[in-house]
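Welcome, and thanks for taking a look at this one with me. Below are some notes to help you find your way around.

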Amino acid sequence: MTDRVRCKNPSCEHRILPDTAARNDGLCMPCVHAAARREKAAYIQAHRHDVYAFEGITSPVEILKLVHRPRPFDPLINWLPYPTRTDRLYLNLSAEEARCLADHAARLAGTERHEEAEEISLCLAAFTDTNLDACLRRFVDLGTLWPSLPFHRSPPDVRDALIARLESDIDVLQRNHVLLALAWIGDAVVVEQFAQWVRHPPCWGETLHIAPQDYAREAGWELTSGGQRRNLYFSTCTPLERGANATDSGIRTTIARTDNCPQCAMPLTNLFELSPNACDLPELENWRVSVAIASCERCTCAATVFGCVDDSGQAHWSPKNILPAPLPTDTGAYDKLPSNVLRAGPQRPPLFAAHEFLPTTFSQLGGHPTWIQDARYPLCPDCEQTMMFLGQLDHQDMEDGTEGIYYAFICLACRTTATSYQQS
């Protein structure tokens, strides 16, 4: 048997065949590969350079086309982003510029650049009121119905084509996408169709994980017992952005309380504290007192946490909380959320953050929630009605290098609140 020799690297204990040592200057193969990686990393560091693809481009439409165009991967190139946030670029588009971008998306649909068409239509739907009819008709013809948010302003012929498609021979995934698109359309015809499925469940409904009418919640509404549409979010939307409040806006977030969670003993937190009319939600005007949303930051990551608000606006832990047990009790190792680091920004459209892949910030009061997983609106423990979405806090907006969104809900009739959490 051939005697092995030790690798020449003093810090390596591998023993190798003499032939291997002769080929590699005495090094074992792992050390050879490690040296090659170090050499490559050093070369990249020495030769990597910045490239600004937007040099000389002034047209907002051309800038956005380039924003959505994938960059070829090259370890020697650091692609510099455009200095203005993408959502603000869309907000500043003129009506004609937005139409040009919608036409561009329609032309890309079905080509090798189809994903760009989907991204642009998603942004136009969330950030503008641009007509997307041509693009949506292309998506229907192609059978590419995700993301479904752009369909919320569909023309009648698109809606009718989607309803008809449900009765054709399509697989479960396609049927899911059709139902989601219909939920986002949510007009009187769709509402009546969903109500009809409640009265007469379709034969294909057995292939779904949820009832057809329950897809409505993904688009922020539900059917009432009388077959009417009930919205589950407030139409007014106030973004919350990192930075100190220049003036007292009446909106505070993640404020520490002096009492502890009855379940895990961690100090409780008010995720939101809102003074009367602070966020311009007309539905809260009748309260005429402040609104606070009490929660346990730890427990709400495992289950929905309920609270209640008394006549003076003080928030309390709900006695109707039923939380999973046992929960971890080592609260000393749990990092609390940063306190009151968000400020109110100018109001924005309610669907501005309605999809997790939109290029925007996600912390907000009012508007449509950003579901990372499925739409989960809690039932009020007092009246058993679906609670309204009140606001959300994106951990990333408060603290770099984090993830997950905290959601707040409210039942106006019962003065009951709830919080929950989702992450990817």
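The points below go through a helix, some salt bridges and a sheet.

1. A word before we start: this is a predicted model, so please read each point with that in mind.

2. Let's begin with helix 3, which covers residues 60-68. Which of its residues are buried? They are Val61, Ile63, Leu64, Lys65 and His68. If you would like to see what covers them, look for helix 4 (86-91), helix 5 (95-108) and helix 6 (114-127), which are among the elements doing so.

3. Next come the salt bridges, 20 in count. One of them joins the side chains of Glu96 and Arg99, at 2.6 Å from N to O. Both residues belong to helix 5, and because they are three residues apart, about one helical turn separates them. An α-helix has 3.6 residues a turn, so residues three or four places apart point the same way. Glu96 is partly exposed, at 44% relative accessible area, and Arg99 is also partly exposed, at 42%.

4. A second salt bridge to find is the one between Asp160 and Arg159, whose side chains meet at 3.0 Å, N to O. Are the two partners buried or exposed? Asp160 is partly exposed, with 39% relative accessibility, whereas Arg159 is buried, at 10%. The cut-off for buried is under 20%, so Arg159 with its 10% falls in that class.

5. The salt bridge between Arg343 and Glu241 is worth a look too, with 3.9 Å from N to O. This pair links distant parts of the chain, 102 residues apart: Arg343 lies in strand 13 (residues 342-344) and Glu241 in strand 7 (residues 237-242). Arg343 is partly exposed at 30% relative accessibility, while Glu241 is buried, with a relative accessible area of 14%. Elsewhere, Asp214, Arg217, Glu222 and Arg230 are joined into one network by salt bridges that share partners.

6. Now for the sheet. Eight strands make up an open sheet with antiparallel pairing, and their order is 12-11-17-16-15-14-7-13. Strand 12 (315-317) and strand 13 are at the edges; each has a single partner strand, so one side of each has no neighbour in the sheet. From one strand to the next, the twist averages 25°.

7. To see one pairing in detail, try strand 11 (residues 305-309) and strand 17 (residues 416-422), which pair in the antiparallel sense over four bridges. Which residue of strand 17 stands opposite Phe306? You will find Ala418 there.

How values were computed:
Residues numbered from 1 in each chain as written. Predicted model: local features only at pLDDT ≥ 70, side-chain atom pairs only at ≥ 80, totals over all residues. Heavy atoms only, no water. Buried < 20%, exposed > 50% of the residue type's maximum accessible area, 1.4 Å probe, protein only. Helix = DSSP H or I, 4+ residues; strand = E, 2+ residues; numbered from the N terminus. Contact = heavy atoms within 4.5 Å. Salt bridge = Lys/Arg side-chain N within 4 Å of Asp/Glu carboxyl O. Pairing = 2+ DSSP bridges. Axes fitted to C-alpha atoms, helices over the stretch in contact; angles between N-to-C directions.
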